[in-house]
Amino acid sequence: MSSDQDHLKETDTEARFEFKKEERSSFQADKGLTEETIRVISEDKGEPEWMLKRRLRALEQFQEMPMPTDWPGQPDLSEVDVDEIVPYIRPDVETRESVDDWTDLPDDIKDTFDKLGIPEAEKNALSGVGAQYESEVVYQNMQEQWEDKGVIFCNMDEALREHEELVREHFMTKCVPPSDNKFAALHGAIWSGGSFVYVPEDTVVEMPVQAYFRMNSEGMGQFEHTLIIAEENSEVHYIEGCSAPKYSAFNLHSGGVEVFVDDGAHVQYSTVQNWSKNTYNLNTKRALVEGDGRMEWISGSMGSKATMLYPSTVLKGRGASDNHITIAFAGEGQNIDTGAKVYHNAPETKSTIESKSVAKDGGRTNYRGLVHIADGASDSSTSVECDALMFDNESTSDTMPYMEINESAVDVAHEATVGKIGDEDVFYLQSRGLDDDDAKQMIVSGFIEPITEELPIEYAVELNRLVELEMEGSLG
Amino acid sequence: MATLQINNLHAKVAEEDGESILRGVDLTVESGEIHALMGPNGSGKSTTAKVIAGHPAYEVTEGEITLVLDDEDLADVDEEVPPEKREWDLLDLEPNERAALGIFLGFQYPAEIEGVTMTNFLRQALNAKHEEREELFEDEDDEATEDEDDAGYDTSPMEGEADDGEIGVAEFQQLLKEKMELLDMDEKFAQRYLNAGFSGGEKKQNEVLQAAILEPSVAVLDEIDSGLDIDRLQDVSKGINALRDEQGTGVLQITHYQRILDYVEPDHVHVMIDGEIAESGGADLARKLEDEGYDWVREQVYGTA
């Protein structure tokens, strides 16, 4: 057993979600969203003119678009009032640049991430790590061996300064334009922080790179942007972890993720998110995949009051493939609305979607999916499997899979199961000595095993722990 | 040597106006003994098994189930066990507490649990049993002083390092290997998911394996012989005999057929009809039932066929 696992084992995970620091910030934007606010943010960051223009255009689009309200079974977003959130908080780190030596971080921030297990994971298993506190990335490090090969892993603001042309070409242009949906537009207007990953052609980054996002202040929004560019025949695994402590006011998280998978490249994007139960988690994530490229989305959505998240993949080139694995867990008062979207726009493309959800104590999970096979995308195949597990009669789960098939020479499979946790299964395990809680927990761990199996061990342990805590109802 | 005593047990389906199934069952099984419980379909054999283990689908309306333990059963308990903790009323206990005291139920249709490997499951079960035993036999005066140490993660769902008092991964794997060899089970079983995709015979073998690992005082095996071919029947029988001979387990074997009794010689045979034990005897009784069916027992009890 490696020392990082020891660490994960020893840390009191429950405490991770209860502790919070005094707010510390050197600059905080006023509540609400106006053109003035955006100009101030952009100026504070020293952005180029074209980025400010993109922000302002996105703001217009945000203001024009209506809130989604009438989707069947959709989470209630009426509480989400953008005028009530603080869109930007710059933590008070002296240099204004992220540091690459852990010991240079201010103690309270360091302490936060220590509790979350970030530096330990880095030492042992990662190619690089970034840590975002509030709106800015405060720590960023990349192992030299990867830097020497031309791999770039830095925060988005730095990317904008150091790699302006790459950002200008890819940032919210072809992949996630602000016009995609109201929250993508919001994100485009006030995005801040996040990660930039660039892998040159024929380069394989063997160990995952990781980013961790921590929202610490009350009533704030976090809008980090992740841009991953994998050139021809390259390979990278990016992992993101998120959390926020519990406050009485709502928080809004509206991230944007754009992934470019070039010919023959392979990108895996994994995330285990655990938001406090008053966070609205409304993200837009999309990958564009060229010929023979491969995209994998693996996500564990825990926490939040409401989540609306449907990572999507556009299979653009012949032979491109996509694999989605998602898990959602909804307890009391939570509505977790997740799924996947795949567009097969070329022949011989392949996708699989595996979705698992668990609902208890009146929680609600939805699977909302779309598979589109374009005319001409012959010899393509897709397989969708969604399984829902419910603990009681108060919980709800809906499956809404849409399939638009415009080509006849394709292979389409869809399978859905909805089940209540089996009394006989629980009794079987109890008769072997496990108590009622442990028996149920074992069934849920088994249920999500296809997800945990895909994750690095530290994350698998973490995810299982979060499930344990959810089952005990001890996460606030 | 443990004794399982069932006195005048009445049970019904646990719902309003639930059907009454057991109507006064009396039965005593001591560890080291093999009892066969036979009878026609619907006579209450499986219900008896489930009620012993504490299945929530049944409600006991009358009678007792008692487990009496002696020094041999309590050899693993560190402290001196006082007399009042040697006799347990099982009906007051949760299924896992009954398991911890040494009751095992071999299922006719074992649950299939996806995603949980045999190794992980069995190790967790064994550790849970040990932990529960400690709690059950703990001196009550000490209990108050114990900290609430349940708040954190004592065991990880992943196969992490063992905590104090738990059986570690390496030690457990050795134990599992030995027990599987005893039952002629393929090593690959250890990494398969619990009963998922197992054939009928594999599931039954797995039930015996679990009993071999958990070392119960009394194992109730519900139609462990159903759906087995002759080779598998012999393997399973060998395992049951080993439970008795090597662990001193008492076996209550529920079966329809004489067939398994050719390999597992019972000390006592009981015939259950309409929720009661109608007739008891030695191994001969099973052979008579095989030849003559159950009608004569019914006739003897009710004076009518």
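Here are some worked exercises on a predicted model with chains A and B.

**Exercise 1: a covered strand in chain A**

Work out how many residues of strand β6 (residues 194-199) of chain A are buried, and which way they point.

*Solution.* Start with the count: six of the six residues in β6(A) are buried, so the strand is mostly covered. Next, sort them by direction. A:Gly194, A:Phe196 and A:Tyr198 point one way from the strand, while A:Ser195, A:Val197 and A:Val199 point the other way. Both sets are buried.

Now look at who sits alongside. Strand β5 (residues 152-155) of chain A pairs with β6(A) in the antiparallel sense, over four bridges. Strand β9 (residues 225-230) of chain A runs parallel to β6(A), and six bridges join the two. To pin this down, find A:Ser195: it stands opposite A:Asn155, and in β9(A) it stands opposite A:Thr226.

**Exercise 2: two parallel partners**

Find which strands of chain A pair with strand β21 (residues 350-359), and in what sense.

*Solution.* Take one partner at a time. Strand β19 (residues 321-330) of chain A pairs with β21(A) in the parallel sense over ten bridges. One place to see this is A:His324, which stands opposite A:Ile353 in β21(A). Then turn to strand β23 (residues 380-390) of chain A, which also pairs with β21(A) in the parallel sense, over ten bridges. Here the marker is A:Thr352, whose bridge partner in β23(A) is A:Ser383. As a last step, check the cover: seven of the ten residues of β21(A) are buried, which makes the strand mostly covered.

**Exercise 3: hunting for disulfides**

Say how many disulfides there are over all chains, and why A:Cys154 doesn't form a bond with A:Cys175.

*Solution.* The cut-off you need is a pair of cysteine sulfur atoms within 2.5 Å. By that rule the count over all chains is zero. For A:Cys154, the closest cysteine sulfur is in A:Cys175, but it is 18 Å away, so that's too far for a bond. Is A:Cys154 buried or exposed? It has 4% relative accessibility, so it counts as buried. A:Cys386 is buried too, with a relative accessible area of 3%.

**Exercise 4: walking across a sheet in chain B**

Trace the order of the six strands in the open sheet of chain B, then name the edge strands and the helix α9 contacts.

*Solution.* The order is β6-β7-β8-β3-β9-β10, and the pairing is mixed. The edges are β6 (103-106) and β10 (276-281) of chain B, each pairing on one side only. Going from one strand to the next, the twist averages 20 degrees. Helix α9 (residues 295-302) of chain B packs on this sheet, touching β9 (268-273) and β10 of chain B. The helix direction makes about 110 degrees with that of β10(B).

Back at the β6 edge, β6(B) pairs with strand β7 (residues 218-222) of chain B in the parallel sense over four bridges. There, B:Leu105 stands opposite B:Val220.

**Exercise 5: two helices side by side**

Describe how helix α6 (residues 200-214) and helix α7 (residues 230-247) of chain B pack.

*Solution.* Their axes are 10 Å apart, at an angle of about 10 degrees. That angle makes α6(B) roughly parallel to α7(B). Contact residues include B:Val208 and B:Ala211 of α6(B), and B:Ile240 and B:Leu243 of α7(B). The residues of this contact split into six nonpolar, four polar and four charged.

How values were computed
Residues numbered from 1 in each chain as written. Predicted model: local features only at pLDDT ≥ 70, side-chain atom pairs only at ≥ 80, totals over all residues. Heavy atoms only, no water. Buried < 20%, exposed > 50% of the residue type's maximum accessible area, 1.4 Å probe, protein only. Pairing = 2+ DSSP bridges. Axes fitted to C-alpha atoms, helices over the stretch in contact; angles between N-to-C directions. Contact = heavy atoms within 4.5 Å. Parallel < 35°, antiparallel > 145°, perpendicular 65-115°, else oblique. Nonpolar A, V, L, I, M, F, W, Y, C, P; charged D, E, K, R; others polar.
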